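Student: I would like to learn how to read a structure at the level of single helices and residues. Could you take me through one?

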Amino acid sequence: MEIRRYQAGEENAIWNIVFCATRESIARDYHPELIDRWAPHDKDMAEWATRIAQQNPFVAIVDGVPVGMAELEETGFIDYFYVHPEFQGVGVGKALLA
């Protein structure tokens, strides 16, 4: 596994991580309206690409594919922190946080 900063062109792959983790992993713990707000099916991808470029998150890569992402600020604030459901429980989140 490699942890590095976001690279241009990964916006859709990173959105897929957020979307799948929200819809598959945390959906059972939150109201459906919140899930729809956090991971809409009709996400404005231009807006998302701008946000990701500005935030420059850390990305976890396995076999050349992004599987996790984390926005960690110098103050310690964590905004977005997601691991694709297929890679949860194997240390991806721990590696991102480290």
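Tutor: Happily; we will go through one helix, its packing and then some single residues. Keep in mind that this is a predicted model.

Student: Let's start with helix 3. Which of its residues are buried?

Tutor: A residue counts as buried when its relative accessible area is under 20%. In helix 3, which covers residues 45-55, Trp48, Arg51 and Ile52 are buried. Those three span an arc of only 95° around the axis, so they lie on the same side of helix 3.

Student: And which exposed residues does the face turned away from the buried side carry?

Tutor: That face of helix 3 carries Ala46 and Gln54, which are exposed.

Student: What covers the buried residues of helix 3?

Tutor: The cover includes helix 1 (11-25), strand 3 (65-72) and strand 4 (78-83).

Student: What should I look for at the two ends of helix 3?

Tutor: At the start of helix 3, look at aspartate 44: one of its side-chain oxygens comes to within 3.0 Å of the backbone nitrogen of alanine 46. Just after helix 3, look at asparagine 56, where phi is positive, at about 50°. Asparagine 56 belongs to the loop between helix 3 and strand 2 (58-62). With a relative accessible area of 27%, asparagine 56 is partly exposed.

Student: Where can I find a positive phi in the loop between strand 2 and strand 3?

Tutor: Look at aspartate 63, which sits in the loop between strand 2 and strand 3. Its phi is positive, about 50°, although aspartate 63 is not a glycine. Aspartate 63 is exposed, with a relative accessible area of 77%.

Student: Now to packing. How are two packed helices described?

Tutor: Two things are given: the angle between the axes and the distance between the axes. Here, the axes of helix 1 and helix 3 come within 10 Å and cross at roughly 95°. Helix 1 is therefore roughly perpendicular to helix 3.

Student: Which residues meet in that contact of helix 1 with helix 3?

Tutor: From helix 1 come Glu11, Asn12, Ile14, Trp15 and Val18, and they meet Met45, Trp48, Ala49 and Ile52 of helix 3. By type, the residues of this contact are 7 nonpolar, 1 polar and 1 charged. You have already met Trp48 and Ile52 as buried residues of helix 3.

Student: Can we stay with helix 1 and read single residues? I would begin with threonine 22.

Tutor: Good choice. Threonine 22 is in helix 1, and at 0% relative accessibility it counts as buried. Next, follow its polar side chain: the side chain of threonine 22 reaches the backbone oxygen of valine 18 at 2.7 Å. Then set aside residues up to four places away in sequence, and threonine 22 touches Ala27, Ile35, Trp38, Ala39 and Tyr82.

Student: Where is alanine 27, and is alanine 27 buried, partly exposed or exposed?

Tutor: Alanine 27 is in the loop between helix 1 and helix 2 (32-38). It is partly exposed, with a relative accessible area of 26%. Beyond residues up to four places away in sequence, alanine 27 touches Thr22 and Ile35.

Student: How would I read alanine 21?

Tutor: Alanine 21 is also a residue of helix 1, and it counts as buried at 3% relative accessibility. Now compare sequence with space: alanine 21 and glutamate 86 are 65 residues apart in sequence and 9.1 Å apart in space, C-alpha to C-alpha. Outside its neighbours within four places in sequence, alanine 21 is in contact with Ile26, Tyr82, Val83, Pro85 and Gln88.

Student: Let me try valine 92. Which contacts does valine 92 have, leaving aside its neighbours within four places in sequence?

Tutor: They are Met1, Ala60, Val67, Gly68, Val83 and Phe87. Valine 92 is in helix 4 (residues 92-97), and it is buried, with a relative accessible area of 2%. From valine 92 to methionine 69 there are 23 residues in sequence and 9.2 Å in space, C-alpha to C-alpha.

Student: One last residue: what about isoleucine 78?

Tutor: Isoleucine 78 is in strand 4 and counts as partly exposed, at 38% relative accessibility. Not counting residues up to four places away in sequence, isoleucine 78 touches Glu71, Leu72 and Leu97. Isoleucine 78 and arginine 23 are 55 residues apart in sequence and 20 Å apart in space, C-alpha to C-alpha.

Definitions and conventions
Residues are numbered from 1 along each chain as its sequence is written. This is a predicted model: local features need pLDDT of at least 70, side-chain atom pairs count only at pLDDT 80 or more; totals for chains, interfaces and linings use all residues. Side-chain values use heavy atoms; hydrogens and water are left out. Buried means under 20% relative accessible area, exposed over 50%, partly exposed in between (1.4 Å probe, protein chains only). Helices (H or I, at least four residues) and strands (E, at least two) are DSSP runs, numbered from the N terminus. The arc is that of the directions from the helix axis to the C-beta atoms. Contact means heavy atoms within 4.5 Å. A polar contact is a pair of N or O atoms within 3.5 Å; within protein, one must be able to donate a hydrogen and the other to accept it, and residues adjacent in sequence count only if both atoms are side-chain atoms. Axes are lines fitted to C-alpha atoms, for helices over the stretch in contact, and angles run from 0 to 180 degrees between N-to-C directions. Angles under 35 degrees count as roughly parallel, over 145 as roughly antiparallel, 65 to 115 as roughly perpendicular and the rest as oblique. Ala, Val, Leu, Ile, Met, Phe, Trp, Tyr, Cys and Pro count as nonpolar, Asp, Glu, Lys and Arg as charged, and the others, Gly among them, as polar.
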